[in-house]
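The following exchange asks, for a series of labels, what value stands behind each label and which criterion that value meets.

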Amino acid sequence: MLLTDLVEVTSSDELGELLGEPTPGAAVKVRSCLHEHDRQWLAASPLCVVATSGADGSCDASPKGDPAGFTLVLDDKTIAIPERPGNRRADGFRNILTNPHVGLLYLIPGRPDTLRINGRARLLRHAPFFDDMVVKGNRPQLALLVEIDQVFYHCPRALLRGGVWQPQTWQPGAAPSRAVLAKAHDRRPESVEELETYYGSQYLERLYQ
């Protein structure tokens, strides 16, 4: 496909003319601190996507997952997210070191709406509340401290359109397995068969190692 005859939107006014004005509810829903309902949502959420951008404009969106309630609410304006063992790239964390602004998207399995939090983040290597973040013996080496600027709920249309929580739409085998992807793109020396074993049941046992 040739990217020709493109008609680009280049101004906020043009975007407003195209999309129209936000509904009254959408226009006033943004808050600056947590409500009790937000605390209940965070206590039930096992998954958050953390979006960041570096000073050079490089972007990252990283999923953070743990048992429901893994995000620690410190007060109505501050939350903390533990970091668990991973691949150590730390793309989002490196962005935060040069640009503290973050966007968080919290999901609850089965719920099509989401909770969004925007704010400014700092990386902590130690804090008294790290002891409250231990899971399966793993005490985080790092935590993301987020000072909240905005918090609001996002409507369910996107997840409903995608049928995200409808099992009949799930096709986990439609894309190559993790082992095939690791062999092709991560330059792993093992065979695909060895990688299939690596990413098998024993992988679950190593999540916090």
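## Charges over rings and ring pairs

The charged end of Arg-206 sits over the ring of Tyr-198, at 4.5 Å from the ring centre, in a model that is predicted.

Q: What makes the charged end of Arg-188 count as sitting over the ring of Tyr-198?
A: The charged end of Arg-188 is 5.0 Å from the centre of the Tyr-198 ring, and the distance part of the criterion asks for CZ of Arg within 6 Å of the ring centre, so that part is met. Tyr-198 also belongs to a cluster in which ring pairs link Tyr-198, Tyr-199 and Tyr-203.

Q: How many aromatic pairs does the rule give, and why is the pair of Phe-129 and Phe-130 called tilted?
A: The count comes to 5 aromatic pairs. For Phe-129 and Phe-130 the ring centres are 5.8 Å apart and the planes are at 50 degrees; centres must lie within 6.5 Å, while planes under 30 degrees apart are stacked and those over 60 are edge-to-face, so what remains is tilted.

Q: Why are Phe-129 and Phe-130 classed as they are, buried or exposed?
A: Phe-129 has a relative accessibility of 13% and Phe-130 a relative accessible area of 0%; because buried means under 20%, Phe-129 is buried, and so is Phe-130.

## The hairpin and its charged neighbours

Q: How do you know that strand 1 and strand 2 pair?
A: Strand 1 (residues 47–53) and strand 2 are joined over 7 bridges in the antiparallel sense, and pairing requires at least two bridges, so the two strands qualify. Val-49 stands opposite Pro-63 of strand 2, and the two strands form a hairpin with 5 residues between them, where Gly-57 in the turn has a positive phi of about 90 degrees.

Q: Which side chains show that strand 2 alternates?
A: In strand 2 (residues 59–65), Asp-60, Ser-62 and Lys-64 point to one face and are buried, whereas Cys-59, Ala-61, Pro-63 and Gly-65 point to the other face and are not buried. In a regular strand, side chains alternate between the two faces of the sheet.

Q: Why is the contact between Glu-83 and Lys-64 called a salt bridge?
A: The closest N and O atoms of Glu-83 and Lys-64 are 2.9 Å apart, and the limit is 4 Å, so the contact qualifies. The pair links distant parts of the chain, with Glu-83 in the loop between strand 4 (78–82) and helix 4 (91–98), Lys-64 in strand 2, and the two 19 residues apart.

Q: Why do Glu-83 and Lys-64 carry the burial labels that they do?
A: Glu-83 has 22% relative accessibility and counts as partly exposed, whereas Lys-64, with a relative accessible area of 17%, is buried, because the boundary for buried is under 20%.

Q: What makes Arg-84 and Asp-66 a salt bridge?
A: Their closest N and O atoms are 2.6 Å apart, set against a limit of 4 Å. This pair also links distant parts of the chain, Arg-84 lying in the loop between strand 4 and helix 4 and Asp-66 in the loop between strand 2 and strand 3 (72–75), 18 residues apart. Both Arg-84 and Asp-66 are buried.

Terms used. Residues numbered from 1 in each chain as written. Predicted model: local features only at pLDDT ≥ 70, side-chain atom pairs only at ≥ 80, totals over all residues. Heavy atoms only, no water. Phe/Tyr/Trp six-rings, centres within 6.5 Å; stacked < 30°, edge-to-face > 60°. Buried < 20%, exposed > 50% of the residue type's maximum accessible area, 1.4 Å probe, protein only. Lys NZ or Arg CZ within 6 Å of the ring centre and 35° of its normal. Helix = DSSP H or I, 4+ residues; strand = E, 2+ residues; numbered from the N terminus. Salt bridge = Lys/Arg side-chain N within 4 Å of Asp/Glu carboxyl O.
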